[in-house]
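Biologist: I would like to go through how the helices pack and what the pocket is made of. Please give the reasoning behind each term.

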Amino acid sequence: MNAVEGLREVEMLMARAARDAGRDPADVDLVCVSKTHDAAAILPVLAAGCRVFGENRVQEAAGKWPALRTSYSDIQLHLIGPLQSNKVSDAVRLFDVIETVDREKIARALADEMARQNKFPRLFVQVNTGAEPQKAGILPDEVKGFMQFCRETCGLTIAGLMCIPPADEQASPHFALLARLASEVGVSGLSMGMSHDFALAITLGATQVRVGSAIFGARG
Ligand SMILES: *Cc1c(COP(=O)(O)O)cnc(C)c1O
């Protein structure tokens with residue numbers, strides 16, 4: 001299966017999952033995760049109509065997307081990987097959505113940099129739903145306090161929550177937890193679901209799914 005066939009298959013399964021859950025398929029966005037894939041691999045997917053892409057490294061995105069944007073001005077680029085303080089300026093410049101706001105220092109730096117550049121990417125708070133020590137994200141118990149910090153101390157608007165469930169567990173309790181937390185803190189965006197579980201995530205309320213290998217094939 002090539003990437004365009006993969007894309008069509010994912011779109012079909014997404015629409016089916018949405019309809020089965022009584023949801024409008026138009027309410028769920030597909031973020032095509034193009035990390036590790038070069039422009040030659042991405043171009044057919046762009047030509048097929050996809051405009052929303054996810055990258056996990058600021059540096060890698062800086063190397064490929066400015067050129068692609070000159071041909072497709074309506075691209076929407078999501079940062080889905082960890083953000084370091086020294087990359088905040090580049091991230092604000094490059095990305096339309098930053099899904100990995102995960103600590104106070106980054107929230108402050110984003111607020112400063114967004115004001116400086118007068119550019120306001122949509123922001124998601126990453127939640128470590130499995131409380132995994134090695135994983136980035138705000139612990140579930142701390143989401144309320146962190147949202148307050150973002151909104152009141154930093155003046156940021158937060159569009160939603162994002163999670164990456166533990167690899168070795170059922171994803172559904174993590175998706176359900178993220179949905180509950182989002183409703184408690186009053187945000188509507190839910191970024192959850194990857195290649196192996198995006199249909200389940202849609203059933204549980206995802207407003208955007210992040211799908212890489214089901215479109216582009218396994219990463220080398
Ligand atoms: C790589 C990645 C994805 C896509 O994973 P696939 O299993 O290839 O669909 C989604 N979200 C994040 C945060 C990622 O790093």
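Biologist: What makes the crossing of α6 and α7 left-handed or right-handed?
Modeller: In this predicted model the crossing of α6 and α7 is right-handed. The term applies because the near helix is turned clockwise from the far one by less than a right angle.

Biologist: Why are α6 and α7 called oblique to each other?
Modeller: The axes of α6 and α7, the helix of residues 172-185, cross at roughly 45° and come within 10 Å. Roughly parallel needs an angle under 35 degrees, and roughly perpendicular starts at 65. The value falls in neither class, so α6 and α7 are oblique.

Biologist: Which residues in α6 and α7 meet?
Modeller: From α6 there are Val143, Lys144, Met147 and Arg151, and from α7 Leu181, Glu184 and Val185. Contact here means heavy atoms within 4.5 Å. By class, the contact of α6 with α7 holds four nonpolar and three charged residues, with no polar one.

Biologist: Why is α5 described as roughly parallel to α6?
Modeller: Helix α5 (residues 104-117) packs on helix α6 (residues 143-153) at about 25°, and their axes are 10 Å apart. Angles under 35 degrees count as roughly parallel, so α5 is roughly parallel to α6. The crossing of α5 and α6 is right-handed.

Biologist: What makes up the contact of α5 with α6?
Modeller: Glu104, Ala107 and Arg108 in α5 meet Phe146, Phe149, Cys150 and Thr153 in α6. The classes in the contact of α5 with α6 are four nonpolar, one polar and two charged. Cys counts as nonpolar and Thr as polar under this scheme.

Biologist: How do you know that α2 and α3 are oblique to each other?
Modeller: Helix α2 (residues 39-47) and helix α3 (residues 58-71) pack at about 40°, their axes 11 Å apart. That angle is not under 35 degrees and does not reach 65, so α2 and α3 are oblique. α2 passes α3 in a right-handed crossing.

Biologist: Which residues meet between α2 and α3?
Modeller: Ala39, Ile42, Leu43 and Leu46 in α2 meet Lys64, Trp65 and Leu68 in α3. The contact of α2 with α3 has six nonpolar residues, one charged and no polar.

Biologist: What lines the largest pocket, and how do its residues divide by class?
Modeller: The largest pocket has a volume of about 410 Å³. The lining has 20 residues, with Val33, Lys35, Asn56, Ile80 and Gly81 nearest the centre. Seven residues of the lining are nonpolar, eight polar and five charged. Gly is counted among the polar residues.

Definitions and conventions. Residues numbered from 1 in each chain as written. Predicted model: local features only at pLDDT ≥ 70, side-chain atom pairs only at ≥ 80, totals over all residues. Heavy atoms only, no water. 1 Å grid on protein atoms, 1.4 Å probe; cavity = no way out; pocket = protein on both sides within 12 Å on 5 of 7 lines; lining within 4 Å. Points joined across faces, edges and corners; volume = space filled by probe spheres on them. Axes fitted to C-alpha atoms, helices over the stretch in contact; angles between N-to-C directions. Helix = DSSP H or I, 4+ residues; strand = E, 2+ residues; numbered from the N terminus. Parallel < 35°, antiparallel > 145°, perpendicular 65-115°, else oblique.
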